[in-house]
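Trainee: I have a model open and would like to talk through how its interior is put together. Could we take it step by step?

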Amino acid sequence: MDIILHPTYFPNIAHFVAMAQSSNVMFEIDDNFLKQTYRNRTYIYGANGRLNLNIPVIHSQKNRQKYRDVKIFNEEKWQSLHWKSLISAYRTSPFFEYYEDELLPLFNTKTDYILDFNFKCLDIVLSCIQLDINASKSEAYQNIVEDRTDFRHLVHAKKEPSYPFDSYTQVFNDKHGFIPNLSILDLLFNEGPNALNYLESQTMISS
């Protein structure tokens, strides 16, 4: 299966299920930036349930701004906040310490553009999961894509469909139960080397 989807901030499980089960992955980089999407947010499992980690960006005065041109607002100390949130949420998980050193540089080094940062996050997670993908980038925006399965709708954080993903043990299961389709980091920290097997065994049929 050949697919197209957006590079997002530590993509959720649905994004990675699609990538793990594809032959070729094209990343959409020619679209306009929209608010309230996974382009600059991800959800983790905190002590109080689903927690949003949002990267502040600089919005242009123009009505439309290309995703590739959107800059991160690094005046805010969002990197420190996100890293502290990850430590608080996952320090007792089975595999946090195993991947900590690989992920930490992402939160210590500033990146100007959100698209570039998302690709950095993606590259490191792919390495951690040991998932090799045949990747390319779009060269022009197409509203309708005919030569591959279009998963670009996964970028929308609102009105998200319910996917029949299998449950796995999460840190705060006993408090709030299983929360599906969180950031890939939730799966990585809880399942470790088994994460790839999990992704390859799931189905993308939504309800």
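Mentor: Happy to! Keep in mind that this is a predicted model. Let's start with S183, found in the loop between α5 (173-176) and α6.

Trainee: Is S183 buried or exposed, and what is its relative accessible area?

Mentor: Buried means under 20% relative accessible area. S183 falls under that cut-off, so it counts as buried, and its relative accessible area is 0%.

Trainee: Which residue joins its side chain to that of S183 in a polar contact of 3.4 Å?

Mentor: Leaving aside neighbours within four places in sequence, S183 is in contact with residues including F10, T42 and Y43. With F10, the partner is a backbone oxygen, 3.2 Å from a polar atom of the S183 side chain. The side-chain to side-chain polar contact of 3.4 Å is with T42.

Trainee: How many residues of helix α6 (residues 184-191) are buried?

Mentor: The buried residues include I184, L187 and F189, and also D186, N190 and E191. Among what covers them are α1 (13-20), β3 (41-46) and α4 (114-129). The helix is largely enclosed by the rest of the structure, because the number of its residues that are buried is eight of the eight.

Trainee: Which residues touch the most other members of the largest nonpolar core?

Mentor: That core has 66 residues, and α4 gives the most to it, with eleven. F16 is in contact with L122, V125, I184 and L199, among others beyond four places in sequence. The residues touching the most other members are F16 and L199.

Key: Residues are numbered from 1 along each chain as its sequence is written. This is a predicted model: local features need pLDDT of at least 70, side-chain atom pairs count only at pLDDT 80 or more; totals for chains, interfaces and linings use all residues. Side-chain values use heavy atoms; hydrogens and water are left out. Buried means under 20% relative accessible area, exposed over 50%, partly exposed in between (1.4 Å probe, protein chains only). Helices (H or I, at least four residues) and strands (E, at least two) are DSSP runs, numbered from the N terminus. Contact means heavy atoms within 4.5 Å. A polar contact is a pair of N or O atoms within 3.5 Å; within protein, one must be able to donate a hydrogen and the other to accept it, and residues adjacent in sequence count only if both atoms are side-chain atoms. A nonpolar core is a set of buried Ala, Val, Leu, Ile, Met, Phe, Trp, Tyr and Cys residues joined through side-chain atoms within 4.5 Å.
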